[in-house]
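Work through the exercises below with the structure in view, trying each task before you read its solution.

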Amino acid sequence: MSLVAKLHRRFAHLVHELAKFGSVGAIAFVITVAIGNGLHTGMGVGPLTSNGVATIIATTFSYLANRYWTFRHRDRTGLGREYVLFFALNGVGLVITELFIGFSHYVLKLDGAVFYNIALVVGTGVATLFRFWSYKKWVFLPSSAPAVDPASGLPEAPAADSEGPAGPEAPGVHRAPRLGHPLDAHTEDYAEI
């Protein structure tokens, strides 16, 4: 078997997720660029406000597309929890993009649609890397991840077994449930480098 075939087989799941995520991201980016340029260039709204409004609209589309298409095979941990986390993480992504736009416009004094769009593309690229990583880590959990407590948003303790890896526990010895990261127990869903 060739090296390329082995790599494809090992990373096929990740490649499919990345392709879907990229498609959703491309459409969301078109929404962001169209609305952002319409507001900034067409209506004279400031660059940061234009990008902020455009990003909120694109984020709503992106959440729905990612939940029901890209990551539909992953556990649903509650629409409210996912939605809030998704928007919070997109807020971080928005800040990353805004830093690039703000630096270009206010620090470098590069005005105009061309410089706005260059800063938007570069900032969005960096923010996209953060978003993909953070969605997989905190929003769209693998199907074998422990249940999430709706009140705290943290993983629930695994069911206490009377037998551990070394057999039954000694009388009088009680293990405290371990609250690990939801992804600790399930690694085959993620590429190991």
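**Exercise 1.** Decide whether Y63 is buried or exposed, and find out how its ring is placed relative to the ring of F86.

Solution. Y63 has a relative accessibility of 1%, so it counts as buried, a term that stands for under 20% relative accessible area, while exposed means over 50% and partly exposed lies in between (1.4 Å probe, protein chains only). The next step is the ring pair: the centres of the Y63 and F86 rings are 5.1 Å apart and the planes stand at 70°, so the pair is edge-to-face. Rings of Phe, Tyr and Trp (its six-membered ring) pair when their centres lie within 6.5 Å, and they are stacked if the planes are under 30 degrees apart, edge-to-face if over 60, and tilted otherwise. Y63 belongs to helix 2 and F86 to helix 3, so this pair ties together parts 23 residues apart in sequence. F86 counts as buried, at 0% relative accessibility.

Before going on, note that this is a predicted model, in which local features need pLDDT of at least 70 and side-chain atom pairs count only at pLDDT 80 or more, whereas totals for chains, interfaces and linings use all residues. Residues are numbered from 1 along each chain as its sequence is written, and side-chain values use heavy atoms, with hydrogens and water left out.

**Exercise 2.** Describe the protein as a whole, beginning with its helices and strands.

Solution. The protein has four helices and two strands, and from the N terminus on their order is α-α-α-α-β-β; helices (H or I, at least four residues) and strands (E, at least two) are DSSP runs, numbered from the N terminus. Of its 193 residues, 35% are buried. Contacts, meaning heavy atoms within 4.5 Å, can then be sorted by sequence separation: among those between residues at least 6 apart, 70% join residues at least 24 apart. Finally, the accessible surface amounts to about 11400 Å², and 70% of this area belongs to carbon and sulfur atoms, as computed by the Shrake-Rupley method with a 1.4 Å probe.

**Exercise 3.** How many aromatic pairs are there, and which residues do ring pairs link into a cluster?

Solution. The rule for ring pairs given in the first exercise yields nine aromatic pairs. One of them joins Y63 and Y83 edge-to-face, at 5.4 Å centre to centre and with 85° between the planes. This pair links distant parts of the chain, since Y63 is in helix 2 (residues 47-70) and Y83, 20 residues away, is in helix 3 (residues 79-107). Y83 counts as partly exposed, at 36% relative accessibility. Taking the cluster last, ring pairs link F21, Y63, Y83, F86, F87, F132 and Y135.

**Exercise 4.** Locate the salt bridges and state which elements they connect.

Solution. A salt bridge is a side-chain nitrogen of Lys or Arg within 4 Å of a carboxyl oxygen of Asp or Glu, and the structure holds two of them. In one, the closest N and O atoms of E17 and K136 are 2.4 Å apart. E17 sits in helix 1 (residues 3-43) and K136 in helix 4 (residues 113-139), so that distant parts of the chain, 119 residues apart, are linked. Both E17 and K136 are buried. In the other, the side chains of R67 and E82 meet at 2.8 Å, N to O, linking helix 2 to helix 3 across 15 residues. R67 is buried at 1% relative accessibility, and E82 is buried with a relative accessible area of 2%.

**Exercise 5.** At what angle do helix 2 and helix 4 pack, and which residues make the contact?

Solution. The two helices pack at about 35° with their axes 13 Å apart, where axes are lines fitted to C-alpha atoms, for helices over the stretch in contact, and angles run from 0 to 180 degrees between N-to-C directions. The contact is made by P47, S50, N51, T55 and N66 of helix 2, together with Y116, L120, R131 and Y135 of helix 4.

**Exercise 6.** Where is K109 found, and what is its phi near?

Solution. K109 is found in the loop between helix 3 and helix 4, and its relative accessible area of 60% makes it exposed. Its phi is near 60°, a positive value in a residue other than glycine. Most residues other than glycine have a negative phi.
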